[in-house]
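Me: I would like to go through this structure and ask what justifies the terms used for it.

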Amino acid sequence: MDWQGQKLAEMLMQLLLVASAVAAFVVGYAMADFQLMLLVYAGGVVLTALVTVPNWPFFNRHPLKWLDAAEADRHPRPQVSATPSTVGKKKAGKNK
Amino acid sequence: MHSFGHRANAVATFAVTILAAMCFAASFSDHFNSPSPTASVKILNINWFQKEANGNDEVSMTLNISADLSSLFTWNTKQVFVFVAAEYETPQNALNQVSLWDGIIPSKEHAKFLIHTTNKYRFIDQGSNLKGKDFNLTMHWHIMPKTGKMFADKIVMTGYRLPEQYR
């Protein structure tokens with residue numbers, strides 16, 4: 001899931017959950033049925049999970065554009081000559 | 001939000017937070033219910049009225065309890081506990097309460113009832129103050145909600161009097 005996809009997923013999650021909560025409360029209050037409210041809300045939560053939890057293709061429409069590896073070779077990182085031991089200790093990336 | 005687990009966790013925690021808010025709202029909606037319950041208790045007979053060996057007065061009576069508590073029920077009501085208490089004043093205590101009968105009303109359909117019964121719990125005074133005593137019969141109820149605050153209220157019925165003599 002790319003950055004835009006994560007933003008979209010979080011927005012969708014909050015919107016869907018709040019909307020289903022409001023719908024559930026209105027239905028439950030109107031029908032005077034507490035259990036119906038819980039069922040409607042449970043349905044909303046399941047729907048929200050199905051929409052926002054799996055890594056759907058529409059969360060991956062903005063892939064990161066990395067520079068070509070050849071660019072790095074052409075512009076090497078400046079070496080710090082005084083303390084060469086720190087070079088190359090950068091932590092490994094977390095991106096999956 | 002970058003992994004499946006993070007997103008599942010976010011959905012679960014936010015869903016439960018909102019659920020708590022919904023329960024709060026459901027409890028709050030109880031305040032918009034303005035109930036109009038009715039109750040009446042008739043004493044059909046004083047079965048016996050005596051002083052026990054230890055000096056305490058005890059009465060046995062047959063009661064006819066009728067009430068319509070259906071307006072107490074809202075969509076957020078689990079059950080209603082109701083009890084009838086004899087209330088009277090003695091020189092020692094400004095308020096004595098003796099529970100004579102109680103019951104649990106599980107639903108609105110059962111909230112309108114008429115019960116013919118002797119006192120379920122013994123009506124004993126801590127002393128010998130009951131001869132010719134004026135007393136109230138009070139119907140108390142506690143509304144137990146599905147979520148939120150418990151409400152309690154009562155209807156006081158006045159004008160009852162015990163006999164002047166043991167029988």
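Me: How far apart are the C-alpha centres of domain 1 and domain 2 of chain B?
Reply: In this predicted model, the two centres lie 41 Å apart. Domain 1 of chain B covers 1-32 and domain 2 covers 35-161. Five residues from domain 1 of chain B and six residues from domain 2 of chain B make up the contact. On the domain 1 side, two residues are nonpolar, two are polar and one is charged.

Me: What makes residues of chain A and chain B count as being in contact?
Reply: The C-beta atoms of the two residues must lie within 7 Å. By that criterion, 24 residues of chain A are in contact with 19 residues of chain B. Helix H1 (3-31) and helix H2 (34-52) of chain A each supply at least two residues of the chain A side. H1(A) gives the largest share, twelve residues. That side divides into 15 nonpolar, six polar and three charged residues.

Me: Why is B:Ala111 called a member of a nonpolar core?
Reply: A core member must be a buried residue of a listed nonpolar type, joined to others through C-beta atoms within 7 Å. Ala is on that list, and B:Ala111 is among the residues that touch the most other members of the largest core, which has 22 residues. B:Ala111 therefore has 20 or more other C-beta atoms within 10 Å of its own. Strands E2 (57-68), E3 (77-88), E4 (96-105) and E7 (134-145) of chain B each supply at least two residues of this core.

Me: Which residues does B:Ala111 touch, not counting residues up to four places away in sequence?
Reply: They are B:Asp68, B:Leu69, B:Ser70, B:Leu72, B:Phe73, B:Val80 and B:Ile105.

Technical notes
Residues numbered from 1 in each chain as written. Chains lettered and ligands numbered in written order. Predicted model: local features only at pLDDT ≥ 70, side-chain atom pairs only at ≥ 80, totals over all residues. Domains from an automatic or database assignment. Nonpolar A, V, L, I, M, F, W, Y, C, P; charged D, E, K, R; others polar. Helix = DSSP H or I, 4+ residues; strand = E, 2+ residues; numbered from the N terminus. Buried ≥ 20, exposed ≤ 12 C-beta atoms within 10 Å, placed from the backbone.
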